[in-house]
Amino acid sequence: MIVINTILELNSWYNHIKLNNVSLGFIPTMGALHEGHISLVEKSVSENDFTIVSIFVNPTQFNNTNDFVNYPITIENDTLLLKQSKCDVLFLPTTQEIYSNNINSTNYKFSGIEKVMEGKHRPGHFDGVATIVSKLFNFVKPDIAYFGEKDFQQLLIIKELVKLERIPLKVVGMPIYREENGLAMSSRNTRLSSSQREESSLIFKTLQTVKSMFLDSVPIRDINTYVKNIFINTNLKLEYFEVRENNSLKFAKKISENKKHRAFISVFVGEVRLIDNIALF
Ligand code: AMP
């Protein structure tokens, strides 16, 4: 695996490999890699001639300075994991390389999916995400890019971004990788104590119960009440729980047979904010 720090080097590597008709898979990350990230890398390695992973903790997508400052950085371990998973290139740029002297995001207008849930609770977050992903797509020029359903709303935003900016690539969504106790893997989990990690398994347990209630046709308002009550008297603080249509993210007031739904949740465990979701079909 080679490590590339500049766009100049990236271009010369790209021009070299693209002399032949090869496919390039890309996984953008913020590092502190875990098996969830690696499942995306392995998928890309199995489907493409070359795989490139970027690690860049993007300042413009953090609406909370504390979260940005405390974001875990584990480059040595990340490099080792990427080598083991047969990644070809690690793109590790500086902020200067990506943003020059203008650390700002573009204001995007998507179909409305950017305004709810993560968009509502983290103002500016999706503008930051779309800005960095658009820049990275233009620098890396991949054929396929892989994103996790762990950040399902983000995955939908990226699909809209690609259409909006007519970027010629395929976006692939990958299933959520979980710890043994069901907690969705996240770089932020390293900030949890072992007892907090254990307690956080309640998030996925709740989502599983929600799924079976939904499939048993329990009304959504009763499911909402169930979820609100479950976190009372625990160390987890519910930020939001919402059942929405799978692709439009429209509110699901009533269950309709011909639409697919998904439940989304955000919970604070101490200072750490965790999100998760489950398909209700
Ligand atoms: P991040 O480093 O958190 O920006 O994540 C980089 C990519 O990995 C995103 O597409 C995430 O959705 C994906 N990802 C993060 N955690 C998981 C997980 N537990 N399972 C699958 N994909 C994940």
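**Conventions.** A residue counts as buried when its relative accessible area is under 20%, as exposed when that area is over 50%, and as partly exposed in between (1.4 Å probe, protein chains only). The model shown is predicted, so local features need pLDDT of at least 70 and side-chain atom pairs count only at pLDDT 80 or more, whereas totals for chains, interfaces and linings use all residues. Residues are numbered from 1 along each chain as its sequence is written, and side-chain values use heavy atoms, with hydrogens and water left out. Helices (H or I, at least four residues) and strands (E, at least two) are DSSP runs numbered from the N terminus. Contact means heavy atoms within 4.5 Å.

**View A. Gln154 is a buried residue of helix H8**. Helix H8 spans residues 152–164 and contains Gln154. The relative accessibility of Gln154 is 17%, and the residue therefore counts as buried. Not counting residues up to four places away in sequence, Gln154 touches Phe126, Val129 and Phe147.

**View B. The ligand is surrounded by 17 residues**. A residue is near the ligand if one of its heavy atoms lies within 4 Å of it. Met30, Gly148, Asp151, Tyr177 and Met185 are the closest members of this shell. By class, the shell has nine nonpolar, six polar and two charged residues. In this classification Ala, Val, Leu, Ile, Met, Phe, Trp, Tyr, Cys and Pro are nonpolar, Asp, Glu, Lys and Arg are charged, and the others, Gly among them, are polar. Strand E2 (24–29), helix H2 (35–47) and strand E5 (144–148) each supply at least two residues of the shell. Helix H2 gives the largest share, three residues.

**View C. Backbone atoms of Met30, Gly148 and Met185 lie 2.9 Å from polar atoms of the ligand**. A polar contact is a pair of N or O atoms within 3.5 Å; within protein, one must be able to donate a hydrogen and the other to accept it, and residues adjacent in sequence count only if both atoms are side-chain atoms. For Met30, a backbone N or O atom is 2.9 Å from an oxygen atom of the ligand. A backbone N or O atom of Gly148 also lies 2.9 Å from a ligand oxygen atom. On the side of Met185, a polar backbone atom is 2.9 Å from a nitrogen atom of the ligand. The ligand taken alone exposes 480 Å², of which the protein buries 93%. These areas come from the Shrake-Rupley method with a 1.4 Å probe; for residues, only the protein chains shown count as cover.

**View D. Glu35 of helix H2 is partly exposed**. The relative accessible area of Glu35 is 46%. Residues up to four places away in sequence aside, Glu35 touches Tyr177 and Met185. Glu35 and Ser186 are 151 residues apart in sequence, and their C-alpha atoms are 9.3 Å apart in space.

**View E. Helix H11 (residues 220–230) has the buried residues Ile220, Ile223 and Val227**. Seen down the axis of H11, these residues fall within an arc of 55°, so they line one face of the helix. The arc is that of the directions from the helix axis to the C-beta atoms. The face turned away from the buried side carries the exposed residues Arg221 and Lys228. Cover for the buried residues includes helix H10 (201–215), strand E7 (236–245) and strand E8 (261–269).

**View F. Ser217 and Leu249 have positive phi values**. Ser217, in the loop between H10 and H11, has phi near 65°. The residue is exposed, with a relative accessible area of 57%. Leu249 belongs to the loop between E7 and E8 and has phi near 60°. With a relative accessible area of 2%, Leu249 is buried. Neither residue is glycine.

**View G. Arg262 of strand E8 is buried**. Its relative accessible area is 5%. The side chain of Arg262 makes polar contacts with the side chains of Asn246, at 2.7 Å, and Asn277, at 2.8 Å. Beyond four places in sequence, the residues touched by Arg262 include Glu149, Phe152, Glu242 and Phe281.

**View H. Ile275 in strand E9 (residues 272–279) is buried**. The relative accessible area of Ile275 is 18%. Its C-alpha atom is separated by 7.8 Å from that of Asp151, 124 residues away along the chain. Leaving aside neighbours within four places in sequence, Ile275 is in contact with Glu118, Lys150, Asp151, Tyr240, Ile265 and Ser266.
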